[in-house]
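I opened this entry to look up how some strands pair and how two helices pack. My notes follow the model shown here.

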Amino acid sequence: MKSPNRPFPLRKQDDSSSIWIVGTIILVLQLIFHLTLGAQSISTTDSIKTEIYTQLNNATVLKQLNFPNTVRRFYGNDFTPTWLRSDENIQPTVKAMLLLDCVRQYGLQRKDYHPEILDYFRMHNALSESGITASKKVQYEIMLTDAMISMINHLHYGAYNPNLTSVKLDNGNASEFSTEDFLHKALASPNLMDAILSVQPQIDQYKQLQGYMKLIAGQYTCDSYETPEEEIRTIAINMERLRWREIKSDNFLHINIPSFKLTYFDQNSTHEFKVVVGKPSTPTPTLASEISYLETGPDWNIPQAIFSKELLPKLIKNNSFFETNHMAIYDKQGHYIPITAKSIANIRKDPSQFHAKQSPGCGNALGKVVFRFNNTYGIYLHDTPEQPYFERKKRALSHGCIRVEHAEVLATLLLERDRQNALIAPLKKAMSNYSKEKFALKTPVPILITYLTITVEGGLLARHEDVYRLDKILMDRMYKPFEQLVKTKVK
């Protein structure tokens, strides 16, 4: 892990920057004033409704939309225009356009929101009584609706979410909330921009990265500060990763793989612990789950790959290896297999028919306590007898599970937060005796495992080694198509 990179840029206020800010405000106000007074009344005529209906049933139009089904659900059976209403209130339309101007500050890209259609010139024409046809007005209307729906989904779920594709979202398969209903509520709120931005992740690390991005991609860029494009993109891909998982609690565990750190957020306090994570060949997955109970003196059901590829060769070289390490072998039916020359020969023929288990004790790979949470990967958060590992700077050393330093301290904090102080003494006794006991939490504690190669630590931007070499993969997905398009246009 690299040391913190640099603090938020500091700048000295000067007349030129103040003039630019004031000038921008004046231009925006002039635009709003001009549109409010100059645009003629656009009545919600049957012809506009008919045109919306026609375009929403046109296959060519639908192919141009990011979320065609959601857009159709948004209009329902009424087909009343949302943005073409200058006679009533053009504020939502202007706010929507201003929001699109700022997408870079939120780690998004303008190319994803119909820039060829959604500009201020076309907005003026769409809000005017004359100048363009009803077809062109409705094209602007529908594209702006799709852009807002896209932005809501991208801010909340991510634009490149590997677990929740745009097709699933468009088909309404996200049970959390309805994007089209949310947009209706946002339009009815006092401030459309604030309402839409509220769908972003609320965890502290995301807020800090977003605040940093807002400065370097917005205010400081306009003040002639130069920020490397690579830094902006790296922040953007890490903001994208945080959108893939959500924690709705002030009390949770956050494990970040590249920084080898666990942070326990307990309302207004935080506690940090060093962790060991998976090797590049056996990486720790990112996920969100809940710790439901603690288990002392745990048995270790050894994964099949570890048994056949790592432990079996050691057993073949040393017949007493399993006995020394308190391990036992069982067949598919769960019958114990005594270790003999004959049984070893049988196991070598087909290791998949056997499995191994390590009993509790000071040499158990899971240590004195395991923090159990449901996941499809079969990984745990646990103690370890190999404490010297925590002295290393680079701690990608495990088979995928997460080993935590000072596990007893973390277990105690969880019981205290769960208001089960009476269980702390029995927990410590069970840990010292390696006795197998379970300590259930009344309120499960959320756990979030992320892969962030840039974080904000104490107001400083910190870079972490890309231990699994994942940055380039996501960077290519987010930016390569755009760069290729630009090169094609230049040619």
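I began at the turn in the hairpin of β3 and β4, where two residues lie between the strands and Gln267 takes a positive phi near 55 degrees. I kept in mind that this is a predicted model.

I then looked up the strands on either side of that turn, and found that β3, residues 261–266, pairs with β4, residues 269–278, in the antiparallel sense over six bridges. Within this pairing I noted Thr263, which stands opposite Glu272 in β4.

Next I asked which other strands pair with β4. I found two bridges joining β4 to β13, residues 402–404, and these two strands run antiparallel; here I wrote down Val404 of β13 as the bridge partner of Val275. I also found β12, residues 396–398, which pairs with β4 in the parallel sense, again over two bridges, and in which Ser398 stands opposite Gly278.

I turned last to the helices, and looked up α13, residues 304–317, against α15, residues 341–349, which pack at an angle of about 150 degrees with their axes 11 Å apart. Because angles over 145 degrees count as roughly antiparallel, I entered α13 as roughly antiparallel to α15. I recorded the crossing of α13 and α15 as left-handed.

For the contact itself I listed Phe307, Leu312, Leu315 and Ile316 from α13, with Ile344, Ile347 and Arg348 from α15. I sorted the residues of this contact by class, and they divide into six nonpolar, no polar and one charged.

Terms used. Residues are numbered from 1 along each chain as its sequence is written. This is a predicted model: local features need pLDDT of at least 70, side-chain atom pairs count only at pLDDT 80 or more; totals for chains, interfaces and linings use all residues. Side-chain values use heavy atoms; hydrogens and water are left out. Two strands pair if DSSP finds at least two bridges between them. Helices (H or I, at least four residues) and strands (E, at least two) are DSSP runs, numbered from the N terminus. Axes are lines fitted to C-alpha atoms, for helices over the stretch in contact, and angles run from 0 to 180 degrees between N-to-C directions. Angles under 35 degrees count as roughly parallel, over 145 as roughly antiparallel, 65 to 115 as roughly perpendicular and the rest as oblique. A crossing is left-handed if the near helix is turned anticlockwise from the far one by less than a right angle, and right-handed if clockwise. Contact means heavy atoms within 4.5 Å. Ala, Val, Leu, Ile, Met, Phe, Trp, Tyr, Cys and Pro count as nonpolar, Asp, Glu, Lys and Arg as charged, and the others, Gly among them, as polar.
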